[in-house]
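Biologist: Could you pick one part of this model and take me through it closely, then show me how the rest fits around it? Don't skip the reasoning where a cut-off matters.

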Amino acid sequence: MHYFQQREKMTISLDNLTNPAEFPMWFLDECKEMPTKDYAPLQTKEPAEGSNKYLIPVGDTLGEKDRLGALEAVYNGATISWLKDQKLPESGNFLDIGCAQGGLTTLFAQNFPQFKYVAIDNKEAQIAKAREITKESGEELVDWEVCDVDDMSPLFEKYPDRFSVVFSRLTLTHHKDPAKAIRNILEMVRPGGVVIIHERSLRTKYMTPKLKALESWGKMVVVQHRLQGSHKDTTERVFTQLARSDKVASVKLKYLSFPMESEQQKSLFRRGVEQGVAILPTLGIPNLMQKIGYEDGQTWVEEIRAIEEDPSIKCYVKDFACIAARVK
Ligand SMILES: C[S@@+](CC[C@H](N)C(=O)[O-])C[C@H]1O[C@@H](n2cnc3c(N)ncnc32)[C@H](O)[C@@H]1O
């Protein structure tokens, strides 16, 4: 106890991300209460027009671009370094599924130039934005395509050699049937290729000292799963499907924990709350905001902004899952 209390005063550096001895006391306490359940679907009386049941939408708005920027600031470092640790194939096509506005795909193209990049998203607005951004910067390194993970057959025609690497991050978490998505993904991989998935799992948790505004943020994420019919145990479903497939030679799962240190990283919470506050009242579910914890959305936004701006409040992503499967 005493040991960890002393440790709490230490600065957490990015070099020892996974060393539990460096985490503060409240973080270790929270770990004892990791969630273990899936959630029942939630029906809206009147689905909000255009929201596509995303409480945290993914359209072509400035706010959304900033939220995706914050998401990338949280996860990109861990993703790139984990890919560098994998024995990736030496050449071929690389497919990024659910690329949004292309920030991570472009980073891959810069870090792993041995591949030819194809990136898909099922939202036209996202792909249009990705094309626009890369055209402006002159970095036209990627073939951007509007395509759904549920039907990737158009890619077969264009890429008959299929893909040496198929990657997806924080996309299957929005899918009703991640196991089906994995069966489709395995069709896209050439022999000797790899599938890499980064997802939330039953173990994943956003860790903060107990603060109401952030606990409510966690509740909103659960509401989003319930509206979409998606699952908190996406990683477990993906891993099981890969491990059972006779197409897969080996599969490994590693959990990463890392701090959200900067104001930009912490802004991920506030940006999500701002979008949620705009959409929650339109869903036609009585007292939904109150159930999440606030009578008044503006108070929630203000409280969460205060957390973002207070450097003494540290946040962590606990046990974000990385899966790599090698195909026969
Ligand atoms: C949270 S964003 C993740 C963006 C990016 N992969 C990252 O990690 O930075 C999820 C993206 O997946 C896309 N998406 C959701 N369901 C999809 C599906 N069935 N097929 C293809 N893309 C999908 C969404 O449109 C959205 O752009």
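Modeller: First, a bit of bookkeeping: helices here are DSSP runs of H or I with at least four residues, strands are E runs of at least two, and both are numbered from the N terminus. Counted that way, the protein has 12 helices and eight strands. Keep in mind that this is a predicted model. Of its 328 residues, 41% count as buried. If you take the contacts between residues at least 6 apart in sequence, 81% of them link residues at least 24 apart.

The part I'd pick is helix α8, which runs over residues 212-228. From first C-alpha to last, its 17 residues reach 25 Å, and that is close to the 24 Å you'd expect at 1.5 Å a residue. Right after α8 comes Gly-229, with a positive phi of about 70°.

Now for what α8 tucks away. Its buried residues are Ala-213, Leu-214, Ser-216, Trp-217, Met-220, Gln-224, His-225 and Leu-227. The cover over them includes a strand, β6 (205-207), plus the helices α10 (263-279), α11 (288-292) and α12 (297-309).

Two of those covering helices also pack on each other. In general, a packed pair of helices is described by the angle and the distance between their axes. For α10 and α12, the axes come within 8 Å and cross at roughly 175°. Anything over 145 degrees counts as roughly antiparallel, so that is how α10 and α12 sit relative to each other. On the α10 side, the residues involved are Glu-263, Lys-266, Ser-267, Phe-269, Arg-270, Val-273, Glu-274 and Val-277. They meet Gly-297, Trp-300, Val-301, Ile-304, Arg-305, Ile-307, Glu-308 and Glu-309 of α12. Sorted by class, this contact is made up of seven nonpolar, two polar and seven charged residues.

Away from α8, have a look at the ligand. It has 21 residues around it, the closest being Gly-98, Ala-100, Asn-122, Arg-169 and Thr-171. Two elements, α3 (62-85) and β2 (115-121), each give two or more residues to that shell. Its make-up is nine nonpolar, six polar and six charged residues.

One of those closest residues deserves a second glance. Ala-100 isn't a glycine, yet its phi is positive, about 55°. You'll find Ala-100 in the loop between β1 (92-97) and α4 (103-111). Ala-100 counts as buried because 26 other C-beta atoms lie within 10 Å, and the cut-off for that is 20 or more.

Arg-162 makes a nice counterpart: its phi is near 60°, again positive in a residue other than glycine. Arg-162 sits in the loop between α6 (153-158) and β4 (163-169). With 18 other C-beta atoms within 10 Å, Arg-162 is partly exposed.

Last stop is Leu-83, in helix α3. Leu-83 is partly exposed, since 19 other C-beta atoms lie within 10 Å. Leaving out residues up to four places away in sequence, Leu-83 touches Leu-88 and Ile-196. Between Leu-83 and Phe-108 there's a gap of 25 residues in sequence, and the C-alpha to C-alpha distance is 9.3 Å.

Terms used:
Residues are numbered from 1 along each chain as its sequence is written. This is a predicted model: local features need pLDDT of at least 70, side-chain atom pairs count only at pLDDT 80 or more; totals for chains, interfaces and linings use all residues. A residue is near a molecule or strand if its C-beta atom, placed from the backbone, lies within 6 Å of it. Ala, Val, Leu, Ile, Met, Phe, Trp, Tyr, Cys and Pro count as nonpolar, Asp, Glu, Lys and Arg as charged, and the others, Gly among them, as polar. A residue is buried if 20 or more other C-beta atoms lie within 10 Å of its own, exposed if 12 or fewer, and partly exposed in between; C-beta atoms are placed from the backbone. The expected span of a helix is 1.5 Å times one less than its number of residues. Two residues are in contact if their C-beta atoms, placed from the backbone, lie within 7 Å. Axes are lines fitted to C-alpha atoms, for helices over the stretch in contact, and angles run from 0 to 180 degrees between N-to-C directions. Angles under 35 degrees count as roughly parallel, over 145 as roughly antiparallel, 65 to 115 as roughly perpendicular and the rest as oblique.
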